[in-house]
Amino acid sequence: MKIHLSSVFVDDQDKALRFYTDVLGFVKKTEIPLGEHRWLTVVSPDDLDGTELLLEPDEHPAVKPYKTALVEDGIPATAFAVDDVHAEFDRLRGLGVRFTQEPLEMGPVTTAVLDDTCGNLIQIVHHK
């Protein structure tokens, strides 16, 4: 068994697609119209057949309070692996990305936390 799909709730699918592709560097994999929204996924350019991230509309009434609580408590909605947290932090900050946690080394793990502009905190992580 392996993870095929994960999702992140977003407040605007178009804005999310721009951020996750143009800024974070993912590529669009699937876009299927579903009424006023879309089944919209992105993947890593290094693994086009790998795990997909669904940019899911946050329309369900339970989602917005959940997202708000996570952000208020500084809890990331998900985490993405990077080769070098410090380099990725510098690259993303240069693109105007707002971080709520600068790179932090905790033994064999380095993390940083960013705001995805769509209502979520996202952690980037590297394991030594």
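## A guided tour of two four-stranded sheets

Begin by selecting β5 and strand β8 (residues 121-127), which pair in the parallel sense over four bridges; two strands count as paired if DSSP finds at least two bridges between them. Strands (E, at least two residues) and helices (H or I, at least four) are DSSP runs numbered from the N terminus. This is a predicted model, in which local features need pLDDT of at least 70 and side-chain atom pairs count only at pLDDT 80 or more, while totals for chains, interfaces and linings use all residues. Residues are numbered from 1 along each chain as its sequence is written, and side-chain values use heavy atoms, with hydrogens and water left out.

**The sheet containing β5**

Within the β5-β8 pair, select Thr78, which stands opposite Ile122 in β8. Then select Ala81, whose bridge partner in β8 is Val125. The side chains of β5 alternate: Thr78 and Phe80 point to one face and are buried, whereas Ala79 and Ala81 point to the other and are not. Here, buried means under 20% relative accessible area, exposed means over 50%, and partly exposed lies in between (1.4 Å probe, protein chains only).

Widen the selection to the whole sheet, an open one of four strands in the order β5-β8-β7-β6, with mixed pairing. The edges are β5 (78-81) and β6 (99-106), each with a single partner strand, so one side of each is left without a neighbour in the sheet. From one strand to the next, the twist averages 20°. Angles run from 0 to 180 degrees between N-to-C directions, with axes fitted as lines to C-alpha atoms, for helices over the stretch in contact.

**Helix α3**

Next, select helix α3 (residues 85-94), which packs on this sheet and touches β6, β7 (109-115) and β8. Its direction makes about 165° with that of β6. Contact means heavy atoms within 4.5 Å.

Which residues of α3 are buried? They are Val85, Glu88, Phe89 and Leu92. Seen down the axis of α3, the buried residues fall within an arc of 105°, so they line one face of the helix; the arc is that of the directions from the helix axis to the C-beta atoms. These buried residues pack against α1 (13-23), β6, β7 and β8. Turn to the other side of α3 to find Asp90 and Gly94, which are exposed.

**The loop between β7 and β8**

Select Thr117, found in the loop between β7 and β8. Thr117 has a positive phi of about 70° although it is not a glycine. Most residues other than glycine have a negative phi. Thr117 is partly exposed, with a relative accessible area of 39%.

**The sheet containing β4**

Move to the other open sheet of four strands, ordered β1-β4-β3-β2 with mixed pairing. Its edge strands are β1 (5-10) and β2 (27-34), each pairing on one side only. The twist here averages 25° from one strand to the next. Helix α1 lies across β1, β2, β3 and β4, running at about 10° to β3.

Now select strand β3 (residues 37-43), which pairs with β4 in the antiparallel sense over two bridges. Val42 has Leu53 in β4 as its bridge partner.

**Glu52**

Finish at Glu52, in strand β4 (residues 52-57). Glu52 is buried yet has no salt bridge, that is, no side-chain nitrogen of Lys or Arg within 4 Å of a carboxyl oxygen of Asp or Glu. How far away is the nearest side chain of opposite charge? That side chain, Lys29, is 4.7 Å away; Lys and Arg count as positive and Asp and Glu as negative, while His and the chain ends are not counted. Leaving aside neighbours within four places in sequence, the contacts of Glu52 include His4, Thr30 and Val43.
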